[in-house]
Each structure stands twice: as C-alpha cells, then as structure tokens.
Amino acid sequence: MKRLGKAIILLSIFFYTNILLSAEADTKIKLLSPTNMAIVTQEVSVVIGEIKGADAVELVINSKDKHTLKIEKNTFYDRINLKSGENKIKISALNKGKSIDAIEVKIFYTKDIKAKNNPKEYSFFYFHTMLAEGGECNECHDLKLSIDKYELKKGDRGLCFNCHDERLDLKYVHGPVAGGACLSCHNPHGSENEFTIRYSGDKLCYFCHEEERMKADHLSKLKPEDAKKTCENCHYVHGGDKEFFIK
Ligand code: HEC
Ligand code: HEC
Ligand code: HEC
Ligand code: HEC
Ligand code: HEC
C-alpha cells in the first residue's frame, strides 16, 4: 500500500510537470515566415506566427512603427515595409496587457541579391510573390472550417490552379505536377530557396527518386562529365515536350 501511494505521488508529479512544460511550450511564439536572419529581395515582408494563450500581439519595426495585431485561430500576421539593410522586428505576445513572450527577428532587405556587402550570417528567404504583393490568406485558407486552426480550403488541386496554369499543354507532365501535388516541392508561403522550393538542387529530386537507385541505374550510365551535372541541367521539372522532359 505504501509503495502504491509513493508511485501515485511520483506519477502525479510526473504528469503535473508535463502539464507545466507543455503549457509553457504553448505560450511561445512560433514564427512561420520569414525565418529569423533572412535576406529578402521583396520590400514587403509578410510575418506569420503562431501563439497560444495571448490576446494580442505587438510588433515594433526598427524601434519606431508599432502595430497591434489581432489573433485569430492562434495565428497572427502582418505586412511590413522594410528599409534597405538591416531591420529589427520585435514581436511581443500579450495577455491582458502583460507580455507572455517576446522575440526579435532580423530581416535584411537588399535589391541586389548578389551584392558583396550582403551580410554572410544571414540566409535567403523568398516569399510567394502573391503574398508580398498583397494577396490574402483566404485565397488558400478557409477560417470557417476550424475553431483553432488555419485550415486549407478544400482540395489541394484547386488551391494552386485557381491562379496557376495546369500546364496540360505539355506533352509529358511530371507525375506530381499531373497529380496537383505542387506542395511536395513548393512551400506555400515562402522558403529559403528561390521559387519557394522546399529543397535546393538535386536534393529536391532525391526526395522522391531514391538517390542510390538514381546513382546506380541512371547517373552511372551517363558519360562521366554528364554525371556531374545537376538533374535540372538535363530535365525540366514540371514537364516538357520530349520524353522524360529532357531539355
Ligand atoms: C498560396 C496559398 C496560401 C496562402 C495565400 C496562405 N497560406 Fe497558409 N498555408 C498554406 C498551406 C498549403 C499550408 C499547409 C502547410 C504546408 O503544407 O506547408 C498552410 C499552413 C498555414 C499555417 C499552419 C496551419 C497549421 O497546420 O497549424 C498557418 C498558421 C498559416 N498557413 C497562416 C497563413 C496566413 C496568416 C496567411 C496570410 C498572411 C496564409 N497562411 C496564406 C497555403 C497558403
Ligand atoms: C490567389 C492567386 C494565387 C494562388 C492561389 C497561388 N498563387 Fe502562386 N503566384 C501567384 C502570383 C500572382 C505569383 C507571381 C507571378 C507569377 O509568377 O505567376 C505567383 C508565383 C508563384 C511561384 C513562383 C515564385 C514566386 O513566388 O514568384 C510559385 C512557385 C508559386 N506561385 C506556387 C504556388 C503554389 C504551389 C500554389 C498553391 C499552394 C500557389 N502558387 C497558389 C498567385 C497565386
Ligand atoms: C518536382 C518538383 C516540383 C513540383 C511537383 C512542382 N514544381 Fe513548380 N517549380 C519547381 C522548380 C524546381 C522550379 C524552379 C525552376 C524552374 O522553373 O524550372 C519551379 C518553378 C515554379 C514556378 C515559377 C516558374 C514558372 O515556371 O512559372 C511556378 C509558378 C510553379 N513552379 C508552380 C507550380 C505549380 C502550380 C505546381 C503544381 C501543379 C508545381 N509548381 C509543382 C519544382 C516543382
Ligand atoms: C514529389 C515527388 C517527386 C519529386 C520531388 C520529383 N519527382 Fe520525378 N517523378 C515522380 C513521380 C511520381 C513520377 C512518375 C512515376 C514514374 O513514371 O516513374 C516521376 C517521374 C519522373 C520522370 C519520368 C520518368 C518516366 O519513366 O517517365 C523524370 C525524368 C523525373 N521524374 C525527374 C525528376 C527530377 C529531375 C526531379 C527533381 C527536379 C524530380 N523528378 C523530382 C515524383 C517526383
Ligand atoms: C546529362 C543529362 C542528365 C542528367 C544530369 C540527369 N538525367 Fe535523368 N535522364 C536523362 C536522359 C537522356 C534520360 C532518358 C534515357 C535514360 O533513361 O537514360 C533520363 C531519364 C531519367 C528518368 C527516367 C528513367 C529512370 O531511370 O527512372 C528519371 C527518373 C531521371 N532521368 C531522373 C534524373 C534525376 C533525379 C537526375 C539527377 C540526380 C537526373 N535524371 C540527371 C538525362 C539526364
């Protein structure tokens, strides 16, 4: 009996600390876009973040402009105009006027992506152009579908094809493109890679075409100097008019 009592106490402590820990994790700001320390080439940045347990979010741009944002479905967002060079964005989450979490996000804005004085410790971030140009969240999300989440409008296929061409004019369409699985290669809000691609270079292809098999069955059959090329040196990604979408 004594031992059982001890076990119950230990278990209660275990669950109690877990509840405390998860409650704490929930009230941290989670930044979805852009990444901290991002270099961007678009003058307008769309900041998207998630937070639980807050009733407002305050955003201060370069210690001057203050925006108070509302929170909907544990999500907040803002469109901010950047000055050239480094911008410091302070984001605080409030509950009844008291700060429950705060982060600082640095964004470096440059028109010239190749400029020599772009800071080395930053990495690139490319927004889906439509967002930077004022496109609304409800082009892709339907806020009526859930009480606490940014749910997607029904049907992934329609999501992108409302605005983008289905490319059915191409004779050979790449499997995932034909299937409307745009999101397997593209991030919907933006990413570290140009064209909002999820992975850069050949890594994108190896996400689905097994690297070992490609090397053994395909690259090994190419001339050695050709095998060093990237997949995209020879193949179009969405499809093409030649078989295997050869360029
Ligand atoms: C072009 C379509 C598109 C637009 C526009 C868009 N989103 Fe999204 N969003 C998505 C998709 C698709 C996902 C699903 C996540 C994924 O596949 O990476 C998502 C995921 C999210 C999530 C995470 C949802 C979760 O599961 O918790 C949030 C939050 C979010 N979006 C907020 C926004 C906000 C705020 C805006 C407007 C500023 C916005 N989105 C605009 C397509 C879009
Ligand atoms: C409300 C209209 C709209 C929707 C919906 C939309 N896009 Fe876009 N997208 C645009 C516009 C406008 C541009 C910029 C001009 C262009 O390249 O066509 C763009 C550009 C792009 C680009 C080129 C890179 C860039 O941002 O300039 C990619 C990749 C892209 N969209 C992918 C997607 C994917 C994937 C989806 C579905 C999750 C999607 N888009 C949904 C309007 C939209
Ligand atoms: C297999 C990966 C992959 C899939 C799937 C994919 N894309 Fe792309 N997409 C890319 C890559 C890589 C680029 C940049 C290089 C290029 O254009 O060849 C790109 C570029 C783009 C661009 C900008 C350049 C252009 O061609 O206009 C748009 C817009 C775009 N994709 C939309 C889409 C849409 C919409 C879908 C879904 C029907 C889709 N993509 C599916 C990999 C993919
Ligand atoms: C999201 C998964 C996915 C990604 C990422 C992807 N592919 Fe594919 N790919 C497929 C599917 C599915 C097929 C169709 C199945 C098949 O025909 O073997 C296909 C077919 C192909 C084919 C034609 C094969 C044939 O037999 O007709 C080529 C060529 C190809 N992919 C090249 C690429 C290249 C190059 C990349 C990177 C830029 C890439 N793929 C990235 C899923 C993907
Ligand atoms: C030097 C040009 C070249 C490069 C580089 C190249 N391919 Fe190909 N690929 C071809 C040609 C030509 C064919 C069609 C004939 C064949 O099967 O060899 C082909 C066929 C394919 C096929 C269909 C046949 C199969 O083996 O499944 C896939 C998938 C494919 N390539 C994916 C890739 C991927 C992924 C990469 C990068 C890792 C890549 N290719 C790099 C030229 C190239």
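In the predicted model, the side chains of Thr-110 and Asn-118 are joined by a polar contact of 3.5 Å. Thr-110 lies in the loop that runs between strand S8 (98–109) and strand S9 (123–124). With a relative accessible area of 9%, Thr-110 is buried, because the cut-off for this class is under 20%. Apart from neighbours within four places in sequence, the contacts of Thr-110 are Ile-39, Val-40, Thr-41, Ala-115 and Asn-118. Asn-118 thus appears both among these contacts and as the partner in the side-chain polar contact.

The iron atom of ligand 1 is coordinated by two histidines, His-141 and His-189, each through NE2, at 2.0 to 2.1 Å. The angles among the six donor atoms of this iron atom run from 87 to 180 degrees, and the site is octahedral. The two histidines connect distant parts of the chain, being 48 residues apart. His-141 belongs to the loop between helix H2 (129–132) and helix H3 (156–161), whereas His-189 belongs to the loop between helix H4 (175–178) and strand S12 (190–191). For six octahedral donors, the ideal angles at a metal are 90 or 180 degrees.

The two ligating residues of ligand 1 fall into separate accessibility classes. His-141 is buried, at a relative accessible area of 14%, while His-189 is partly exposed, at 23% relative accessibility. The boundary that places them so is 20%, because buried means under 20% relative accessible area and partly exposed lies between that value and 50%. Beyond the metal, the side chain of His-141 reaches the backbone oxygen of Glu-151 at 3.1 Å. Residues up to four places away in sequence being set aside, His-141 touches Tyr-150, Glu-151, Leu-152, Lys-153 and His-189. Glu-151 is accordingly one of the residues touched by His-141 and also supplies the backbone oxygen reached by the His-141 side chain.

Around ligand 1 there are 19 residues, of which Glu-50, Cys-137, Cys-140, His-141 and His-189 come nearest. By class, this shell holds eleven nonpolar, four polar and four charged residues. Strand S3 (44–50) and strand S6 (75–81) each contribute at least two residues to the shell, and the largest share, three residues, comes from S3. Polar atoms of ligand 1 also approach several side chains. A nitrogen atom of the ligand is 2.8 Å from an N or O atom in the side chain of His-141, and a nitrogen atom of the ligand is likewise 2.8 Å from an N or O atom in the side chain of His-189. An oxygen atom of ligand 1 is 3.4 Å from an N or O atom in the side chain of Arg-198.

The iron atom of ligand 5 has His-218 and His-235 as its protein donors, both through NE2 and at 2.0 Å. Its site is octahedral, with angles of 88 to 180 degrees among six donor atoms. This pair also links distant parts of the chain, 17 residues apart. His-218 is in helix H6 (residues 211–218), and His-235 is in the loop between helix H8 (231–234) and strand S13 (239–240). His-218 is partly exposed, with a relative accessible area of 31%, and His-235 is partly exposed at 24% relative accessibility.

Conventions
Residues are numbered from 1 along each chain as its sequence is written. Chains are lettered from A and ligands numbered from 1 in the order in which they are written. This is a predicted model: local features need pLDDT of at least 70, side-chain atom pairs count only at pLDDT 80 or more; totals for chains, interfaces and linings use all residues. Side-chain values use heavy atoms; hydrogens and water are left out. Donors are N, O and S atoms within 2.8 Å of the metal (3.2 Å for Na, K and Ca); water is not among the atoms, so sites may look incomplete. Four donors count as tetrahedral if all angles lie between 85 and 135 degrees; four count as square planar and six as octahedral if opposite donors are over 155 degrees apart and all others between 65 and 115; anything else is irregular. Helices (H or I, at least four residues) and strands (E, at least two) are DSSP runs, numbered from the N terminus. Buried means under 20% relative accessible area, exposed over 50%, partly exposed in between (1.4 Å probe, protein chains only). A polar contact is a pair of N or O atoms within 3.5 Å; within protein, one must be able to donate a hydrogen and the other to accept it, and residues adjacent in sequence count only if both atoms are side-chain atoms. Contact means heavy atoms within 4.5 Å. A residue is near a molecule or strand if one of its heavy atoms lies within 4 Å of it. Ala, Val, Leu, Ile, Met, Phe, Trp, Tyr, Cys and Pro count as nonpolar, Asp, Glu, Lys and Arg as charged, and the others, Gly among them, as polar.
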